[in-house]
Amino acid sequence: MANCILVWLLMARLFVDSSLALTLTSKLVHRFSDEAKSLWESRKTGNVSGKFWPPRNSSKYFEMLMDYDLKRRRLKTGSKYDVLFPSEGSQVMFFGNEFNWLHYTWIDIGTPSVPFLVALDVGSDLLWVPCDCIHCAPLSASYYSVLDRDLSEYNPALSSTSKHLSCGHRLCAWSTTCKSPDEPCTYKRDYYSDNTSTSGFMIEDKLHLASFSKHGTQSLLQASVLLGCGRKQSGSYLDGAAPDGVMGLGPGNISVPTLLAQEGLVRNTFSLCFDNNGSGRILFGDNGPATQQTTKFLPLFGEFDAYFVGVESFCVGSSCLQKSGFQALVDSGSSFTYLPSEVYKKIVFEFDKQVKFNATRIVLQELPWNYCYNASSLVSFHIPSMKLVFPLNQSFIHDPVYILPANEGSKVFCLTLEETDEDYGVIGQNLMVGYRMVFDRENLKLGWSKSKCLDINSSKTDHAKPPSDDGNHGSPIALPPPNRQAIAPTAARTSPKSSLTASCFSPFLLLLLAVFLVAC
């Protein structure tokens, strides 16, 4: 109803400014107003007692409004498939040091299809691939140790289904170079990591997907998506991170999950699962198991532009620390986890206190972590786990410790938590390992459950293989700094703008308005 009121007021203003000498009047009645209550009582329809009719501006009042909005959204976006995954398979891969500690999957784009190995980033919205390259990362397999074939470069001219996005398109609201609606829609995305950016122009093309039917047979399909033709990359994108592109999985209106849900293909949710062996899976439309734990997403400046959650407390082992709560961005594009300064100091102090009796703190110049330890391998002791406690006593337990290759007679390990100057933290992909993470955008909540992350469909071709599980997940390298949070492209989006402004209204528009009022 609130949306109906806003649109009605906008339409009324436009009518005043138009050249039509016509006045329309209509009385608006709020769903939970006293007048509406009296109307329902007079019709003797339903139960409108105090128990079911919420007091205005009460918590129940707002809860019921949101519930109605969610129900209306589900009615409009009925899904055709239970789950979808890339046509190459649902498998997710991790290459450790080789590709900057991020998780990747193969996707096919265009007609004929071209494969791309894209990094999975829930902290941004844009899907981009190297395209008509001016300044791109090396794509030759010989440049990387884990590839058995070259990476791809997208060429819109070679895809029969590609379309250039124009400045007049409703999803080209961010471009700063548009001078007329017919010009190509350009983009530039700046990330916080090492002056990292991608720029080019926007394309609409087909993403190839697959699904399993109730009888277990696989079906293939194509979905229209928006992608950035990345002509120029900089920073980490030229130094091992996502050389073949990024799939932004954020809540914005250009992300792949959003577009798939808007097309009615799947529900507006997806899951990522990363296991301990450098593999995992991605599923669009996945709701997760009924037994999973959940917590609500928090709005950022009144909008759900990123996956923020509220952590009530942080526990080290069995010790839950006072005043250790914080808000956190859930971001698979962040290799590690970062905590606000005050919380970080409390956590590392408690961790150090619990391990120092059995291990000696050491300094390793080649690693970015400040809390590393050397323990005798002859002494058996338990490294304390970490627990994030969310509202309603929901909890998330993990062991954010990196164990270096075993040396004779000793064990070296580091706490992989980092400090950030921001007033919010970042839950990076290292804390997601071993969990099936469900990003339920339809109900605005994050779900998680322990999982082995089994791939539901074997990849057609193994173009790249994760490193073997030797206990150290590859040799450490210079890692992303604490400010790698991948929120910049999301937060920097401007509000949608219309490409044309109407100066008058036709009788047909009046009819549409009448239909709209009836629907409200």
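User: Which residue in β12 does V92 stand opposite?
Analyst: In this predicted model, strand β2 (residues 91-94) pairs with β12 in the antiparallel sense over 3 bridges. Within β12, G280, I282 and F284 point one way, and S279, R281 and L283 the other. The residue that V92 stands opposite is G280.

User: Which residue in β12 is the bridge partner of C273?
Analyst: Strand β11 (residues 269-274) and β12 pair in the antiparallel sense over 4 bridges. These two strands form a hairpin with 4 residues between them, and G278 in the turn has a positive phi of about 80 degrees. The bridge partner of C273 is R281.

User: How many residues of strand β12 are buried?
Analyst: Strand β12 covers residues 279-284 and is mostly covered. Residues pointing either way from the strand are buried, including R281 and F284. The number of buried residues in β12 is 6 of 6.

User: Which strands are at the edges of the open sheet that contains β16 and β22?
Analyst: This sheet has 4 strands in the order β17-β16-β22-β23, with antiparallel pairing. Strand β22 (residues 386-390) is joined to β23 by 5 bridges, and V389 has S395 as its bridge partner in β23. An edge strand pairs on one side only, and the edge strands are β17 (319-320) and β23 (394-398).

User: At what angle to β16 does helix α5 run?
Analyst: Helix α5 (residues 341-355) lies across β16 (313-316), β17 and β22. The helix has 15 residues and reaches 21 Å from its first C-alpha to its last. Its buried residues include V343, I347, F351 and V355. The angle to β16 is about 15 degrees.

User: Why is the pair of F95 and Y104 classed as tilted?
Analyst: The whole structure contains 24 aromatic pairs. The ring centres of F95 and Y104 are 5.8 Å apart, and planes between the stacked and edge-to-face limits of 30 and 60 degrees count as tilted. Both F95 and Y104 are buried. The pair is tilted because its planes are at 55 degrees.

User: How far apart in sequence are the parts that the pair of F396 and W448 ties together?
Analyst: The rings of F396 and W448 have centres 5.9 Å apart and planes at 65 degrees, so the pair is edge-to-face. Both residues are buried. F396 lies in strand β23 and W448 in strand β29 (residues 445-450), so the parts tied together are apart in sequence by 52 residues.

Methods
Residues are numbered from 1 along each chain as its sequence is written. This is a predicted model: local features need pLDDT of at least 70, side-chain atom pairs count only at pLDDT 80 or more; totals for chains, interfaces and linings use all residues. Side-chain values use heavy atoms; hydrogens and water are left out. Two strands pair if DSSP finds at least two bridges between them. Contact means heavy atoms within 4.5 Å. Axes are lines fitted to C-alpha atoms, for helices over the stretch in contact, and angles run from 0 to 180 degrees between N-to-C directions. The expected span of a helix is 1.5 Å times one less than its number of residues. Buried means under 20% relative accessible area, exposed over 50%, partly exposed in between (1.4 Å probe, protein chains only). Rings of Phe, Tyr and Trp (its six-membered ring) pair if their centres lie within 6.5 Å; planes under 30 degrees apart count as stacked, over 60 as edge-to-face and the rest as tilted.
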